[in-house]
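Here are my notes on the model, set out as numbered points for discussion. Please read them with the coordinates open.

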Amino acid sequence: MSMNTSIASTGTASNSSLTILLGRILLSVIFLLSGFGKLTAISGTAAYFGGLGLPLPTVTAVVVGLIELLGGLAVLTGFQTRAAAWVLAVFTVATGLVAHTGWADQMQMIQFLKNLGIAGGFLLLASSGAGAYSIDAKRG
């Protein structure tokens with residue numbers, strides 16, 4: 001009986017790690033694409049940020065692009081996952097509060113709620129860790 005329990009536990013752990021890996025991939029895609037897009041179009045991103053009233057729009061564009069790209073890479077590879085997930089959770093809520101507060105517009109409300117949902121995913125990842133298929137697991 002304990003052998004069956006051990007096999008079941010191992011299978012469950014493996015399934016859990018695969019699920020966490022899939023979640024990491026899905027969470028990282030939007031940040032990788034968005035960060036790359038911002039960093040390869042700094043002037044357009046800075047103009048958009050300036051229109052939002054953000055200070056130092058060019059510097060802000062670079063910082064935001066790097067947070068998205070590097071954070072997305074960290075989550076994708078499972079490197080310093082808990083810290084990256086916390087940073088991206090806070091960043092995603094802040095982004096929603098800066099760029100998607102026109103809640104009378106249904107699309108802005110949807111974008112804000114999307115940000116909250118993504119932040120929730122990052123909080124779960126911060127709590128669970130990167131799983132077995134990650135750099136974090138290989139290091140420790």
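1. Is Tyr133 buried, partly exposed or exposed? With a relative accessible area of 37%, Tyr133 falls between the 20% and 50% limits and is therefore partly exposed. This, like everything that follows, is read from a predicted model, and the values should be taken in that light.

2. The surroundings of Tyr133 deserve a look in the viewer, since the residue lies in the loop between H5 and helix H6 (135-139). Leaving aside residues up to four places away in sequence, Tyr133 touches Ser14, Ser17, Leu18, Leu21 and Arg24. For Ser17 the separation is 116 residues in sequence, yet the C-alpha atoms of Tyr133 and Ser17 are 6.5 Å apart in space. Ser17 belongs to the stretch covered by helix H1 (residues 2-39), which also contributes to the aromatic contact in the next point.

3. The structure holds 3 aromatic pairs, of which two are described here. Phe31 and Phe122 form an edge-to-face pair, with 5.3 Å from centre to centre and 65 degrees between the ring planes. This pair links distant parts of the chain, given that Phe31 sits in helix H1 and Phe122 in helix H5, 91 residues apart. Both partners lie under the 20% limit and so count as buried, Phe31 at 6% relative accessibility and Phe122 at 0%.

4. In the pair of Tyr48 and Phe49, the ring centres are 5.9 Å apart and the planes stand at 45 degrees, so the arrangement is tilted. The two residues differ in accessibility: Tyr48 counts as partly exposed at 46% relative accessibility, whereas Phe49 is buried, with a relative accessible area of 6%.

5. Turning to helix packing, helix H4 (residues 81-99) and helix H5 (residues 106-128) pack at an angle of about 165 degrees, with their axes 8 Å apart. Because angles over 145 degrees count as roughly antiparallel, H4 and H5 are assigned to that class. The crossing of the two helices is left-handed.

6. The contact of H4 with H5 draws on residues along both helices, including Thr81, Trp86, Leu88, Val93 and Ala99 in H4, and Gln108, Phe112, Leu116, Phe122 and Ser128 in H5. By class, this contact has 15 nonpolar, 8 polar and 1 charged residues. Phe122 thus has a place in two of the descriptions above, as a residue of H5 that meets H4 and as the partner of Phe31 in the edge-to-face pair.

Definitions and conventions
Residues are numbered from 1 along each chain as its sequence is written. This is a predicted model: local features need pLDDT of at least 70, side-chain atom pairs count only at pLDDT 80 or more; totals for chains, interfaces and linings use all residues. Side-chain values use heavy atoms; hydrogens and water are left out. Axes are lines fitted to C-alpha atoms, for helices over the stretch in contact, and angles run from 0 to 180 degrees between N-to-C directions. Helices (H or I, at least four residues) and strands (E, at least two) are DSSP runs, numbered from the N terminus. Angles under 35 degrees count as roughly parallel, over 145 as roughly antiparallel, 65 to 115 as roughly perpendicular and the rest as oblique. A crossing is left-handed if the near helix is turned anticlockwise from the far one by less than a right angle, and right-handed if clockwise. Contact means heavy atoms within 4.5 Å. Ala, Val, Leu, Ile, Met, Phe, Trp, Tyr, Cys and Pro count as nonpolar, Asp, Glu, Lys and Arg as charged, and the others, Gly among them, as polar. Rings of Phe, Tyr and Trp (its six-membered ring) pair if their centres lie within 6.5 Å; planes under 30 degrees apart count as stacked, over 60 as edge-to-face and the rest as tilted. Buried means under 20% relative accessible area, exposed over 50%, partly exposed in between (1.4 Å probe, protein chains only).
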